[in-house]
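These exercises are to be worked with the sequence and the coordinates open side by side. Try each task before reading its solution.

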Amino acid sequence: MTTLKSKLQDDLNAAIKERDELRSSTLRLTLAAITKEEVAGKEKRELSDDEVQKVIAREAKKRREAAEAFAQGGRPESAEREKAEGEVLATYLPKQLSDEELESIVVQAVNEAKAAGAEGPRAMGAVMKIVNPKVAGQAEGGRVAAVVKRILAG
């Protein structure tokens with residue numbers, strides 16, 4: 001078992017003992033998603049820590065989107081629960097980049113892309129190819145794309 005998955009398992013056991021319903025249900029769902037990912041495909045396999053982290057990030061994104069949908073649908077109590085579950089999952093993810101850090105990485109990538117001959121809004125793909133490996137797991141794709149568009153336009 002990977003170290004991150006075993007940490008989730010240990011935290012689940014601790015949450016159950018503490019009778020922390022929110023954490024235990026969130027961790028159960030996350031571990032179920034990890035198990036589902038492990039058995040997907042033709043053969044059962046063990047996920048690496050990076051793959052487990054991607055599953056956790058996907059689950060956290062689901063929580064954020066559900067919270068927004070509940071808030072727009074006039075169900076604030078459900079939105080609050082989803083936000084709380086997202087915060088529980090955020091503790092297992094790497095720290096997100098601040099806007100300033102993200103912007104500096106993007107500016108550097110734009111300069112690299114311009115040096116390679118890509119310019120204007122059409123350079124978006126080239127810039128994203130440079131930025132994505134640098135910010136993997138530390139910034140959401142939509143957030144990165146918005147910053148890249150803004151800098152290319154300006």
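**Exercise 1.** In which helix is Ala-90 found? State also its exposure class and its separation from Ala-60.

Solution. The model used throughout is a predicted one.
- Step 1: Ala-90 is found in helix H4.
- Step 2: The relative accessible area of Ala-90 is 42%. Buried requires under 20% and exposed requires over 50%, so Ala-90 is classed as partly exposed.
- Step 3: Ala-60 lies 30 residues from Ala-90 along the chain, and their C-alpha atoms are separated by 7.0 Å.

**Exercise 2.** Describe the secondary structure and the overall dimensions of the protein.

Solution.
- Step 1: Count the elements. The protein has 7 helices and 0 strands, and its pattern along the sequence is α-α-α-α-α-α-α.
- Step 2: Take the extents. The C-alpha trace spans about 60 × 45 × 30 Å along the principal axes.
- Step 3: Set the radius of gyration against the globule rule. The protein has 19 Å, whereas a compact globule of 154 residues would have a value near 15 Å.

**Exercise 3.** Summarise burial, surface, contacts and charge for the whole chain.

Solution.
- Step 1: Of the 154 residues, 35% count as buried.
- Step 2: The exposed surface amounts to about 9600 Å², with 53% of it supplied by carbon and sulfur atoms.
- Step 3: Consider the contacts with a sequence separation of 6 or more. Residues 24 or more positions apart account for 60% of these.
- Step 4: There are 27 positive and 27 negative charges, and the mean positions of the two sets are 4 Å apart.

**Exercise 4.** Is Thr-26 buried or exposed? Place it in the fold and list its contacts beyond four places in sequence.

Solution.
- Step 1: Thr-26 is placed in helix H2, which covers residues 21-39.
- Step 2: Thr-26 counts as buried because its relative accessibility is 0%.
- Step 3: With neighbours within four places in sequence left aside, the contacts of Thr-26 are Glu-85, Val-88 and Leu-89. Helix H4 comprises residues 76-90, so these three partners fall within its range.

**Exercise 5.** Which residues are in contact with Val-127, leaving aside its neighbours within four places in sequence?

Solution.
- Step 1: Locate the residue. Val-127 belongs to helix H6, residues 124-135.
- Step 2: Its relative accessibility is 0%, so Val-127 counts as buried.
- Step 3: Apply the sequence filter. The contacts of Val-127 are then Ala-109, Val-110, Ala-113, Val-148 and Leu-152.
- Step 4: Add a C-alpha distance. Lys-114 is 13 residues from Val-127 in sequence and 9.0 Å from it in space.

**Exercise 6.** What is the sign of phi at Arg-19? Give the residue's setting as well.

Solution.
- Step 1: Phi at Arg-19 is positive, about 60 degrees, although the residue is not a glycine.
- Step 2: Recall the background. Most residues other than glycine have a negative phi.
- Step 3: Arg-19 is found in the loop between helix H1 (3-17) and H2.
- Step 4: Because its relative accessibility is 76%, Arg-19 counts as exposed.

**Exercise 7.** Compare the settings of Ser-78 and Gly-86.

Solution.
- Step 1: Ser-78 lies in helix H4, and Gly-86 is also placed in H4.
- Step 2: Ser-78 counts as buried because its relative accessibility is 15%. Gly-86, at 14%, counts as buried too.
- Step 3: The side chain of Ser-78 makes a polar contact of 3.2 Å with the side chain of Arg-75.
- Step 4: For Gly-86, use a C-alpha pair. Ala-66 is 20 residues away along the chain, and the two C-alpha atoms are separated by 9.9 Å.

**Exercise 8.** Where does Ala-153 lie, and how far is its C-alpha atom from that of Gly-120?

Solution.
- Step 1: Ala-153 lies in helix H7, which covers residues 141-153.
- Step 2: The relative accessible area of Ala-153 is 70%, so the residue is exposed.
- Step 3: Gly-120 is 33 residues from Ala-153 along the chain, with a C-alpha separation of 7.1 Å.

Conventions:
Residues are numbered from 1 along each chain as its sequence is written. This is a predicted model: local features need pLDDT of at least 70, side-chain atom pairs count only at pLDDT 80 or more; totals for chains, interfaces and linings use all residues. Side-chain values use heavy atoms; hydrogens and water are left out. Helices (H or I, at least four residues) and strands (E, at least two) are DSSP runs, numbered from the N terminus. The radius of gyration is taken over C-alpha atoms; the globule rule is 2.2 Å times the number of residues to the power 0.38. Buried means under 20% relative accessible area, exposed over 50%, partly exposed in between (1.4 Å probe, protein chains only). Contact means heavy atoms within 4.5 Å. Accessible areas come from the Shrake-Rupley method with a 1.4 Å probe; for residues, only the protein chains shown count as cover. Lys and Arg count as positive and Asp and Glu as negative; His and the chain ends are not counted. The place of a charge is taken as NZ of Lys, CZ of Arg, CG of Asp or CD of Glu. A polar contact is a pair of N or O atoms within 3.5 Å; within protein, one must be able to donate a hydrogen and the other to accept it, and residues adjacent in sequence count only if both atoms are side-chain atoms.
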